[in-house]
Amino acid sequence: MAGDSTAPPRRPLCLAEVEPGTENERLGVARDSMLRNPLILKAEVGKPPRNCYTLPGLDFAYGLYIPRTDGGVPEAIGNWNSIKPGTRFVEKMPRDFITMNRGALRDGCLTARDFQLYYKTKDIRRKSDKPFKTCPPKALPDMTFGIPTRSSSPFYDLLHHKYREQWLEEQRALTVAEQMEKKKKLRVRETRTTLLRKQPQPVEEESFWHLPHLEKVGPHLSTFPNPETRKKAFSASR
C-alpha cells in the first residue's frame with residue numbers, strides 16, 4: 001500500500017521531481033535546501049514521508065569494509081596455510097624470597113640496601129609455582145564459626161498484631177517525649193515582675209512624719225527611787 005505509515009522513508013526530494021500543482025511546489029526562487037528542511041517540507045498525499053537527510057548515491061555500500069587477506073574459500077581449498085612454530089616464551093618462576101632472606105642473613109646483610117644488593121647478585125627462583133603449605137590454625141574445641149541465626153518470630157504474636165501494637169506504643173511514647181521537650185523549650189524565663197506577682201512582698205506599715213521636738217522621747221534620767229513614787233508624783237501634778 002502506498003500510503004502505509006509503516007513504510008520506510010523515501011529518498012530526499014529534489015526540484016526536478018516537483019511537479020506543478022503538488023504540495024511542495026515553490027513559486028519564485030527555489031532551492032534544493034528548501035526540500036531538505038523537515039519544517040518546510042509538506043507531506044505528500046497517499047505517499048510515505050521522505051527522508052530530508054542528504055544520502056550518498058545508489059552505488060554507495062553501507063557498512064564497514066574489511067579487506068580479505070586470506071583469499072576466501074578458493075584459497076582455503078587450494079592451499080594449506082600452516083603456521084610456523086616459533087620460539088616458546090618460558091615464563092620465569094617467581095623469586096624465592098624465603099631462601100634469599102635466609103642466605104642474606106647468613107652472609108651478614110642487615111640494612112635494606114644490603115638486601116637489595118644480595119637480591120641482584122643471587123637471584124634464586126622457586127622450584128615450583130605451588131604455594132607454600134601452611135599449617136591451618138588450630139580451632140578451639142568449643143568454638144562455633146559463622147553468624148548465629150535469628151530466632152523465629154512467634155506465630156501467635158504475628159496473628160494478634162503484637163508487633164504493630166508495640167510499634168504504636170513506642171510511637172506514642174516518642175510523641176509524648178517530643179511534646180514535653182517542646183514545652184521545656186517554650187517555657188518563658190522568670191523575671192522579677194513575674195516572681196513578684198507570684199510571691200508579693202509584705203506591705204510595710206506607713207509611718208507619718210513628725211517634727212523632731214514633738215516626738216515622744218522617754219525619760220533620760222530617772223530621779224525617783226522606784227516606779228511607785230514616780231507614779232504618785234505624776235498623779236499629784238495633774
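This report walks through the helices, one helix face and some salt bridges of a predicted model.

**Overall picture**

The chain contains seven helices and zero strands. Of its 238 residues, 9% are buried. The accessible surface comes to about 23,700 Å², and carbon and sulfur atoms account for 59% of that area. If you look at contacts between residues at least 6 apart in sequence, 46% of them join residues at least 24 apart.

**A look at helix α3**

Helix α3 spans residues 112–121, and its buried residues are Phe115, Tyr118 and Tyr119. Viewed down the axis of α3, these buried residues fall within an arc of 100°, so they line one face of the helix. The general rule helps here: an α-helix has 3.6 residues a turn, so residues three or four places apart point the same way. The buried residues of α3 pack against α2 (97–106), while Arg113, Lys120 and Thr121 are exposed on the other side of α3.

**Salt bridges**

The structure holds nine salt bridges, including the three below.

| Pair | N to O distance |
|---|---|
| Arg95 and Asp123 | 3.1 Å |
| Lys162 and Asp157 | 3.9 Å |
| Glu165 and Arg164 | 2.9 Å |

Arg95 and Asp123 link distant parts of the chain, 28 residues apart: Arg95 sits in the loop between α1 (72–78) and α2, and Asp123 in the loop between α3 and α4 (155–159). Arg95 is partly exposed at 30% relative accessibility, and Asp123 is partly exposed at 37%.

Is Asp157 buried or exposed? At 14% relative accessibility, Asp157 counts as buried, whereas its partner Lys162 is partly exposed at 45%.

Methods
Residues are numbered from 1 along each chain as its sequence is written. This is a predicted model: local features need pLDDT of at least 70, side-chain atom pairs count only at pLDDT 80 or more; totals for chains, interfaces and linings use all residues. Side-chain values use heavy atoms; hydrogens and water are left out. Helices (H or I, at least four residues) and strands (E, at least two) are DSSP runs, numbered from the N terminus. Buried means under 20% relative accessible area, exposed over 50%, partly exposed in between (1.4 Å probe, protein chains only). Contact means heavy atoms within 4.5 Å. Accessible areas come from the Shrake-Rupley method with a 1.4 Å probe; for residues, only the protein chains shown count as cover. The arc is that of the directions from the helix axis to the C-beta atoms. A salt bridge is a side-chain nitrogen of Lys or Arg within 4 Å of a carboxyl oxygen of Asp or Glu.
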